[in-house]
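Visitor: I should like a close look at a single part of this protein. Please take the salt bridges as the subject, and then set them against the rest of the fold.

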Amino acid sequence: FVAPRGRTMEEFLQESKTHGWPSFRDEEVVWDNVRIISGWGLDKLTGGGEAVSVDGTHLGHNLPDLKGNRYCINLVAIAGHPVGNAAPDPTGA
């Protein structure tokens with residue numbers, strides 16, 4: 001995901017804050033890295049789908065609204081870790 005594209009940083013941050021998740025639009029998705037799986041559960045009602053990496057890792061969901069597709073993405077899924085830094089041990093060890 002690359003943001004903002006087609007809007008200001010203020011607009012991107014405001015929309016993300018309003019929805020409680022980083023919210024990206026079609027032009028901000030790097031489609032070489034992301035796939036949308038649709039056709040089950042809530043997706044049938046919203047017309048959206050689950051956003052996953054090309055490796056199948058869950059990233060978030062597409063929740064279309066009046067402006068078009070809105071991809072609400074779990075920030076932990078896209079933040080990553082700097083090269084050379086290991087992920088923290090969830091057990092605290």
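Guide: The account below begins with confidence, turns to the salt bridges, and ends with the sheet and the core.

The model is predicted. The protein chain has an average pLDDT of 83, and 73% of its residues score at least 70. Confidence varies between elements: strand β1 (residues 23–24) has the highest mean pLDDT, 94, and helix α2 (residues 42–46) the lowest, 57. Where pLDDT is low, predicted coordinates should not be read in detail.

Five salt bridges are present in the structure. One of them joins the side chains of R7 and E15, with an N to O distance of 2.5 Å. Both partners are withdrawn from the surface: R7 has a relative accessibility of 16% and counts as buried, and E15 is buried with a relative accessible area of 9%. Because the limit for a buried residue is under 20% relative accessible area, the value of 16% places R7 in that class.

E15 also meets the side chain of R25 in a salt bridge, here at 2.3 Å from N to O. This pair connects distant parts of the chain, since E15 lies in helix α1 (residues 9–19) and R25 in the loop between β1 and β2 (34–37), 10 residues apart. R25 is buried as well, its relative accessible area being 7%.

R25 has a further partner in D65, and the closest N and O atoms of this salt bridge are 2.9 Å apart. Here, too, distant parts of the chain are linked: D65 belongs to the loop between β4 (58–62) and β5 (71–73), and 40 residues separate it from R25. Unlike the buried R25, D65 is partly exposed, with a relative accessible area of 29%. Through shared partners, the salt bridges join R7, E15, R25, E28, D65 and R70 into one network.

The strands named above belong to a sheet. It is an open sheet of five strands in the order β1-β5-β4-β3-β2, and the pairing is antiparallel. β1 and β2 stand at the edges with a single partner strand each, so one side of each has no neighbour in the sheet.

Following the strand order from β1, the β1 and β5 pair is antiparallel and has two bridges; within it, F24 stands opposite Y71 in β5. β5 in turn pairs with β4 in the antiparallel sense over three bridges, where H61 stands opposite C72 in β5. The antiparallel pair of β4 and strand β3 (residues 49–53) has four bridges, and A51 stands opposite G60 in β4. β3 and β4 form a hairpin with four residues between them, and G56 in this turn has a positive phi of about 95°.

Several of these strand residues recur in the nonpolar core. The largest such core has eight residues in all: F12, F24, V29, V34, A51, L59, Y71 and I73. F24 and Y71, which stand opposite each other in the β1 and β5 pair, are both members of this core. In soluble globular proteins, nonpolar side chains tend to be buried together. A51 can serve as an example of the surroundings of a core residue. Leaving aside residues up to four places away in sequence, A51 touches R35, I36, T57, H58, L59, G60, H61 and I73. L59 and I73 among these contacts are also members of the core.

Conventions:
Residues are numbered from 1 along each chain as its sequence is written. This is a predicted model: local features need pLDDT of at least 70, side-chain atom pairs count only at pLDDT 80 or more; totals for chains, interfaces and linings use all residues. Side-chain values use heavy atoms; hydrogens and water are left out. pLDDT is the predictor's confidence in each residue, from 0 to 100. A salt bridge is a side-chain nitrogen of Lys or Arg within 4 Å of a carboxyl oxygen of Asp or Glu. Buried means under 20% relative accessible area, exposed over 50%, partly exposed in between (1.4 Å probe, protein chains only). A nonpolar core is a set of buried Ala, Val, Leu, Ile, Met, Phe, Trp, Tyr and Cys residues joined through side-chain atoms within 4.5 Å. Contact means heavy atoms within 4.5 Å. Two strands pair if DSSP finds at least two bridges between them.
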